[in-house]
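Colleague: I would like to go through this model with you before I use it. Could you open it and take my questions as they come?

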2 protein chains.
Amino acid sequence: MSLFDFMIAAGAGDARAGVLVTPHGDIETPCFMPVGTRATVRTLSPRDLSGAGAQVVLANAYHLFFRPGADTVAGLGGLHAFMSWDGPLLTDSGGYQVFSLGASARVSSGGVEFKSVYDGSRHFFTPELSVSVQERLGADIIMCLDQCPGADASPGELRQAVGRTADWAARCRARHRRQDQLLMGIVQGGTNEKLRRESAQRTIETGFGGYAIGGLSVGEERSAMLEALALTAGLLPADRPRYFMGLGDPAGIMAAIAAGVDMFDCVLPTRLARHGTAFTSAGRLNMRGAALARQDGPIDAGCRCYACRSFSRAYIRHLVTLKEILGLHLLSLHNVTFLLDLTRKAREAIMQGRFSDFMKSAPEF
Amino acid sequence: MSLFDFMIAAGAGDARAGVLVTPHGDIETPCFMPVGTRATVRTLSPRDLSGAGAQVVLANAYHLFFRPGADTVAGLGGLHAFMSWDGPLLTDSGGYQVFSLGASARVSSGGVEFKSVYDGSRHFFTPELSVSVQERLGADIIMCLDQCPGADASPGELRQAVGRTADWAARCRARHRRQDQLLMGIVQGGTNEKLRRESAQRTIETGFGGYAIGGLSVGEERSAMLEALALTAGLLPADRPRYFMGLGDPAGIMAAIAAGVDMFDCVLPTRLARHGTAFTSAGRLNMRGAALARQDGPIDAGCRCYACRSFSRAYIRHLVTLKEILGLHLLSLHNVTFLLDLTRKAREAIMQGRFSDFMKSAPEF
């Protein structure tokens, strides 16, 4: 595991500032990982992402399995070469997509049968296949196949998902060969304390180089999410990175950092951009608003992104209301930068011993 | 006219290499001007455009008159500040849009009444209003309002358009105040030699700092277009810049440079990108083609653009077939760069006394 050293440089309560070493470079944590589902972060090029300060980018094994196919990516030199991103990459296993996109998914202890969203063809994903696909793609960090129930799952469904996720995690670990990839286990259990404890225990017993908190931010109450998050983070080994899957709202990220989470990903910043909405230090801003039509200032005066350095709210509103792609691009760039900056500033505050002050001034939205 | 010196540095037959000075910088000619109809070149940011070597960008007075409005742009510091482009800008008058977008356009000697494409409201454009709008927008180079008939126009319609265009040019010149803007006259007359001569003569008599060739590349036969182009270019003053409006195919641009044209604009490179088509030195390439799925090389091996430096055909095909915006962006960047490079290389060939050799190896598509 020496290829993936994880050093904690400073702490503040449960929060920590660390560095995760990978074959493609170091990741300073806490960090936000922009989501490039289909090997592209929507509207952003790799040079946009590195200019915005992204250190690690996420892609999705489910989508790349279908288009263009894992062997095609491998034949072109792997995912780093394919998408021209030289830094660290993480691939999600496809578990979430199988369960959220495949209404007809049929789960058994062996794996999950589902229909492709691309052409409706039927496929059978196993833990072994998911690892194999991710090995061929070649990201630095890869994820176990898990079963992720929604917030409306019954206790029985949650319990079954915890068992399957733990069984599958052991099979993923047994199948995993590439030593230049860090395999992460995933803790499920919804907002149920007993199941969270059981899931964490079983996943830790199998033993991974990093641990993800899954099955939250899927529609449950905010307070229940925060409680389950704090519980789970506290159960995970302190010396390995912790990754909260699918959380992208600023206040949620701050709470999770305070609870000791190191890594985040979410499509929220690019999805909000598609809806014409920008993160600002004063909250979300509808960029279509008529009040912006003659506003000369940037989206957010405190932001250092290219959009805020170069363009007025009035110009971006002009683009967004006319559905010009440059508007979508600039808003995506801004929103992604906003979360990259938020996690970077949180890290600086932990390093400088002023994290509790920073939390008081952090976004409340 | 000292703000807009035009120096011819070298010639080769009728072709010439020059420099047009403007308040926002020099334009080396022959040049291609990317089209930013609504104050944005589709999918490309100003830093993309300057990185690609664009020296001057075009915007459209018709579209900006409606959205966001000339006074709004003026209130935000003018078009340069609005779109964050510090280099030279040119605005088209809106004449072409009035006649091509407004099926219900009613022309009289006073001006043209038409419906807005945005909300169907009725408007009356006069030469004076067009100049006033363009003065408020503040581009370095502005265009007279002209009447541009289609290729199917009758001789009578062509004759009337030549008369109106000349009358309106005189009114534009009389109305024009801003000395920091170069006003260009436009020659009409379709492919009719007599009308071309008459239109050129009347426009030159009024007297402008530059002359455009309009009413070609509107659906006529290629050979008739080239004949009318060569005739018109030869009638225009040699000491002022000549601008062929709306020509964007590589072979056509080369022929026009050989005939003595200095400036070009066209939406073709960005429109082709939207259709998944790339310019290459071997002709147009359909980037959706299955044959590209595993091709590791760039779109065009000779191209220096960011897309060709960084990404394989296989990756761009992946993006384009999935309708990912990054694919559209990279193809637009490549196609625009292709025409910028073509005109730059033509200029170098003229400067270095090898233009006739260059013509032999130039694109035939």
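Modeller: Certainly. This is a predicted model, and a helix of chain A is a good place to begin. Helix α10 of chain A, residues 250-258, has eight of its nine residues buried, so the rest of the structure largely encloses it.

Colleague: Which residues in α10(A) are buried?

Modeller: They are Pro250(A), Gly252(A), Ile253(A), Met254(A), Ala255(A), Ala256(A), Ile257(A) and Ala258(A).

Colleague: And what phi does Gly260(A) take, just after α10(A)?

Modeller: Gly260(A) has a positive phi of about 100°.

Colleague: Changing topic: how confident is the predictor?

Modeller: The average pLDDT of chain A is 96, and 99% of the residues score at least 70. For the complex, the predictor gives an ipTM of 0.98 and a pTM of 0.98.

Colleague: Why does pLDDT matter for reading coordinates?

Modeller: Predicted coordinates should not be read in detail where pLDDT is low.

Colleague: Now the sheet. In what order do the three strands of chain A stand?

Modeller: The order is β1-β2-β3 in an open sheet of chain A, with antiparallel pairing. β1 (6-12) and β3 (25-29) of chain A stand at the edges with a single partner strand each, so one side of each has no neighbour in the sheet. From one strand to the next, the twist averages 10°.

Colleague: How many bridges join β1(A) to β2?

Modeller: Six bridges join β1(A) to β2 of chain A, residues 15-22, and the two run antiparallel. As one example, Gly11(A) has Arg16(A) in β2(A) as its bridge partner.

Colleague: On to the two chains. How many residues does each chain bring to the contact?

Modeller: Chain A contributes 29 residues and chain B contributes 29 residues. On the side of chain A that touches chain B, the elements giving two or more residues are α3 (70-75), α4 (79-83), α13 (313-321) and α14 (325-351) of chain A. Of these, α13(A) gives the most, with four residues. By class, that side of chain A has 14 nonpolar, nine polar and six charged residues.

Colleague: How are the copies related?

Modeller: A turn of 180° and a shift of 0.0 Å along the axis lay chain A on chain B with an RMSD of 0.0 Å. The two copies are therefore related as by a two-fold rotation axis.

Colleague: Which residue of chain A comes closest to the rotation axis?

Modeller: Ile325(A) does, with its C-alpha at 4.0 Å.

Colleague: Why do you say the copies meet through the same surface?

Modeller: Because 100% of the interface residues of chain A are also interface residues in chain B.

How values were computed. Residues are numbered from 1 along each chain as its sequence is written. Chains are lettered from A and ligands numbered from 1 in the order in which they are written. This is a predicted model: local features need pLDDT of at least 70, side-chain atom pairs count only at pLDDT 80 or more; totals for chains, interfaces and linings use all residues. Two strands pair if DSSP finds at least two bridges between them. Axes are lines fitted to C-alpha atoms, for helices over the stretch in contact, and angles run from 0 to 180 degrees between N-to-C directions. Two residues are in contact if their C-beta atoms, placed from the backbone, lie within 7 Å. Ala, Val, Leu, Ile, Met, Phe, Trp, Tyr, Cys and Pro count as nonpolar, Asp, Glu, Lys and Arg as charged, and the others, Gly among them, as polar. pLDDT is the predictor's confidence in each residue, from 0 to 100. A residue is buried if 20 or more other C-beta atoms lie within 10 Å of its own, exposed if 12 or fewer, and partly exposed in between; C-beta atoms are placed from the backbone. Copies are superposed by least squares on the C-alpha atoms of residues with pLDDT of at least 70 in both.
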